[in-house]
Amino acid sequence: GERGSRSARAHSTVCVSSQVGCRQGCSFCATGKMGRVRNLAATEIIAQVYLAKREVAARGLPSLTGVVFMGMGEPMDNFLAVRQAVACLTDHERFGFS
């Protein structure tokens with residue numbers, strides 16, 4: 001396609017964090033080198049998505065249709081909060097992601 005054009009399938013995805021820092025210590029990752037500081041609460045995870053939705057709309061970007069847990073932290077090391085956040089994000093009466 002042409003530069004600058006948007007297809008009908010255009011969408012935005014937000015990358016969210018589940019922790020401040022990370023205990024995994026992967027050599028390729030700057031977050032791992034800082035160690036785990038703390039887990040984020042489900043509300044803090046959800047707030048990242050809420051703020052991203054607002055920012056996407058304010059900038060006139062394609063609608064937010066994707067959420068990936070590839071930010072700071074290892075999601076499985078904060079399983080309960082991540083599970084609570086996913087339940088809220090996939091609730092059709094709240095965020096409605098699938």
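Is Glu44 buried, exposed or partly exposed? In this predicted model, Glu44 has a relative accessible area of 29% and is therefore partly exposed, since that value lies between the 20% and 50% limits. The side chain of Glu44 meets that of Arg38 in a salt bridge, with an N to O distance of 2.7 Å. Arg38 is likewise assigned as partly exposed, because its relative accessible area is 37%.

The count of salt bridges in the model comes to four, and the pair Glu44 and Arg38 is one of them. Another joins Glu55 to Arg59, where the closest N and O atoms are 2.4 Å apart. In this pair Glu55 is partly exposed at 38% relative accessibility, whereas Arg59 is exposed, with a relative accessible area of 58%. A further salt bridge links the side chains of Asp91 and Arg94, at 3.3 Å from N to O. Asp91 counts as partly exposed at 25% relative accessibility, while Arg94, with a relative accessible area of 55%, is exposed. In general, side chains of opposite charge can pair when their charged atoms come close.

The interior was examined next. The largest nonpolar core comprises 16 residues, and those with the most contacts inside it are Val14, Ile45, Val49, Leu64, Phe95 and Phe97. Helices H2 and H3 are the elements that contribute two or more residues to this core. As a general tendency, nonpolar side chains in soluble globular proteins are buried together.

Val49, placed in helix H2, has a relative accessible area of 0% and is therefore buried. Beyond residues up to four places away in sequence, Val49 touches Val14, Val16, Leu64, Val67, Leu89, Phe95 and Phe97. One of these partners, Val16, is separated from Val49 by 33 residues in sequence, yet the two C-alpha atoms are 7.3 Å apart in space. Phe95, which also ranks among the residues with the most contacts inside the core, touches Ile46, Val49, Tyr50, Lys53, Cys88 and Leu89 when residues up to four places away in sequence are not counted.

Helix H3 covers residues 79-90, and its geometry agrees with expectation: at 1.5 Å a residue, its 12 residues should span 16 Å, and the end C-alpha atoms are 16 Å apart. Its buried residues are Ala81, Val82, Ala85, Cys88 and Leu89. Viewed down the axis of H3, these buried residues fall within an arc of 125°, so they line one face of the helix. The elements that cover them include helix H2 (42-58) and strand E4 (64-68). Contacts of individual residues add to this picture: Leu89 of H3 is touched by Val49 and by Phe95, and Cys88 is likewise among the contacts of Phe95.

A polar residue was also found in a buried position. Ser12 lies in strand E1, which covers residues 12-15. Its relative accessible area is 12%, and Ser12 is therefore classed as buried, the limit being under 20%. Leaving aside neighbours within four places in sequence, Ser12 is in contact with Val56, Leu61, Pro62, Ser63, Leu64, Thr65 and Gly66. Among these, Leu64 is also a contact of Val49 and belongs to the residues with the most contacts inside the largest nonpolar core.

Technical notes
Residues numbered from 1 in each chain as written. Predicted model: local features only at pLDDT ≥ 70, side-chain atom pairs only at ≥ 80, totals over all residues. Heavy atoms only, no water. Helix = DSSP H or I, 4+ residues; strand = E, 2+ residues; numbered from the N terminus. Expected span 1.5 Å × (residues − 1). Buried < 20%, exposed > 50% of the residue type's maximum accessible area, 1.4 Å probe, protein only. Arc of directions from axis to C-beta. Contact = heavy atoms within 4.5 Å. Core = buried A, V, L, I, M, F, W, Y, C linked by side-chain atoms within 4.5 Å.
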